[in-house]
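User: Please take a close look at one part of this model, the surroundings of the ligand. Then follow the chain outward from there and report what the backbone does.

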Amino acid sequence: MANETIFKRYEGNPIIKPEDVAGANSIFNSAVVRFGKGYAGVFRVDTTRLFSELHTGFSDDAINWKINEKQIDMKGETSDNYKVASCYDPRVVEIDGTYYVTWCYYPAGIACHIGIAKTKDFKKFTQITQMMLPYNRNAVLFPAKVNGKFACLNRPSDPFHTTFGEVFYCESDDLIHWGNHKFVFGATSGWQRSKVGPGPAPIKIKEGWLLIYHGVRITCSGYVYCMGGAILDGNKPWKTLYRCKEYLLAPATTYEMVGDVPNVVFPTALLHDKKTNQLSVYYGCADTVVGLATADMGELIKFIKKNS
Ligand code: BMA
């Protein structure tokens with residue numbers, strides 16, 4: 001299929017559609033992880049009011065999903081405005097048996113920023129804090145502590161459809177107080193000439209951390225979102241060792257090019273099958289549905305290094 005080099009689209013795409021949940025306008029930019037004998041996820045469901053909600057979902061095979069019709073009932077001291085805050089673009093990561101969800105939301109007017117919550121069972125969710133000050137639109141935790149601290153990649157923003165975007169790193173001892181912010185990388189040229197932001201949680205590899213991210217170019221008729229890949233240093237993840245010049249996936253199918261927001265490939269989750277070394281990336285398509293694409297991890301790492 002068009003523009004596939006390393007990642008190949010799943011032939012049954014899109015795997016999740018709005019008709020999978022009553023009252024949904026669109027389901028996209030969602031996060032899935034391994035959970036028990038199967039898989040669980042936190043899904044961005046935009047309702048027919050065009051209000052964004054976080055819903056849980058479960059699957060035996062990571063392809064066929066049953067998504068909850070009700071939004072997650074968030075507990076915790078900082079969750080007062082959760083239900084009225086339009087919550088979107090979740091990422092989920094497991095650290096030592098606890099699952100952490102980070103997402104963007106608007107608990108105060110137009111000030112988008114980041115919430116963080118934890119769960120062990122995908123039934124009870126407790127918000128830990130509002131982890132980033134406005135304006136920030138994307139945050140994802142590393143799946144393990146880095147130098148003894150929790151670590152996070154994020155993308156500072158503005159209140160609107162930000163024309164800029166760079167990846168930053170920060171760390172925390174307790175998941176509440178975040179600091180020691182560091183610039184990781186910014187926009188360059190071509191498909192990633194306008195802005196970049198972190199995608200799914202990075203995966204630890206021999207060379208460091210494998211990061212899948214989104215890159216945007218602004219064109220005469222709007223923003224075009226593609227997927228890219230980089231390898232960050234293992235101990236100093238703010239140092240970029242390799243960054244692929246080629247995109248890994250660009251909008252080319254009807255479901256990626258046509259939807260509420262055309263021309264969007266927005267990666268938010270990545271599963272690694274250690275037995276087969278296969279990577280499965282879950283990505284939002286045109287802000288309307290969820291797509292799946294797979295790649296061999298060894299091939300991908302070779303490709304990123306060769307085209308860096
Ligand atoms: C980003 C986020 C995503 C969305 C994308 C394209 O800034 O808002 O939710 O997929 O824009 O519209």
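Analyst: By class, the shell around the ligand consists of 5 nonpolar, 2 polar and 3 charged residues. Here Ala, Val, Leu, Ile, Met, Phe, Trp, Tyr, Cys and Pro count as nonpolar, Asp, Glu, Lys and Arg as charged, and the others, Gly among them, as polar. The model is a predicted one: local features need pLDDT of at least 70, side-chain atom pairs count only at pLDDT 80 or more, and totals for chains, interfaces and linings use all residues. Residue numbers start from 1 along each chain as its sequence is written.

The shell is made up of N29, Y88, D89, R137, Y225, V261, V264, F266, G284 and D287. Membership requires a C-beta atom, placed from the backbone, within 6 Å of the ligand.

G284 leads into the sheet, since its bridge partner in strand 22 is V290. Strands (E, at least two residues) and helices (H or I, at least four) are DSSP runs, numbered from the N terminus. Strand 21 and strand 22 are antiparallel and joined by 8 bridges; two strands pair if DSSP finds at least two bridges between them. Their hairpin leaves 3 residues between the strands, and A286 there takes a positive phi near 50°.

Strand 21 (residues 278-285) also pairs with strand 20, again antiparallel and over 8 bridges. Along that pairing, A269 is bridged to Y282 and D273 to Q278. These two strands form a hairpin with 4 residues between them, and N277 in the turn has a positive phi of about 65°. Of the 8 residues of strand 21, 6 are buried, so the strand is largely enclosed by the rest of the structure. Buried means that 20 or more other C-beta atoms lie within 10 Å of the residue's own; 12 or fewer is exposed, anything in between is partly exposed, and C-beta atoms are placed from the backbone.

The complete sheet is open, with 4 strands in the order 1-22-21-20 and antiparallel pairing. Strand 1 (8-9) and strand 20 (265-273) are its edges, each pairing on one side only. Helix 2 (residues 297-306) packs on this sheet and touches strand 20, strand 21 and strand 22 (289-296); its direction makes about 85° with that of strand 22. Contact means C-beta atoms, placed from the backbone, within 7 Å. Axes are lines fitted to C-alpha atoms, for helices over the stretch in contact, and angles run from 0 to 180 degrees between N-to-C directions.

Beyond strand 1 the backbone has an unusual bond: the peptide bond from N13 to P14 is cis, with omega near -10°. P14 sits in the loop between strand 1 and strand 2 (24-35). A second cis bond runs from P134 to Y135, with omega near -5°, and Y135 belongs to the loop between strand 10 (125-132) and strand 11 (136-141). Most residues other than glycine have a negative phi, and most peptide bonds are trans.

Positive phi values also occur in other loops. D96, with phi near 50°, lies in the loop between strand 7 (88-95) and strand 8 (98-105); having 7 C-beta neighbours inside 10 Å, D96 counts as exposed. N147 has a positive phi of about 50° and is placed in the loop between strand 11 and strand 12 (150-156). N147 is exposed too, with 9 other C-beta atoms within 10 Å.

I114, in strand 9 (residues 113-119), is buried, with 26 C-beta neighbours inside 10 Å. Apart from neighbours within four places in sequence, its contacts are T102, C104, M131, M132, N136, A139 and N154. The C-alpha atoms of I114 and M132 are 5.2 Å apart, with their positions 18 residues apart along the chain.

For the protein as a whole, the secondary structure comes to 2 helices and 22 strands, and 48% of the 308 residues are buried. The radius of gyration is 18 Å, which agrees with the value near 19 Å for a compact globule of 308 residues; it is taken over C-alpha atoms, and the globule rule is 2.2 Å times the number of residues to the power 0.38.

Technical notes:
Contact = placed C-beta atoms within 7 Å.
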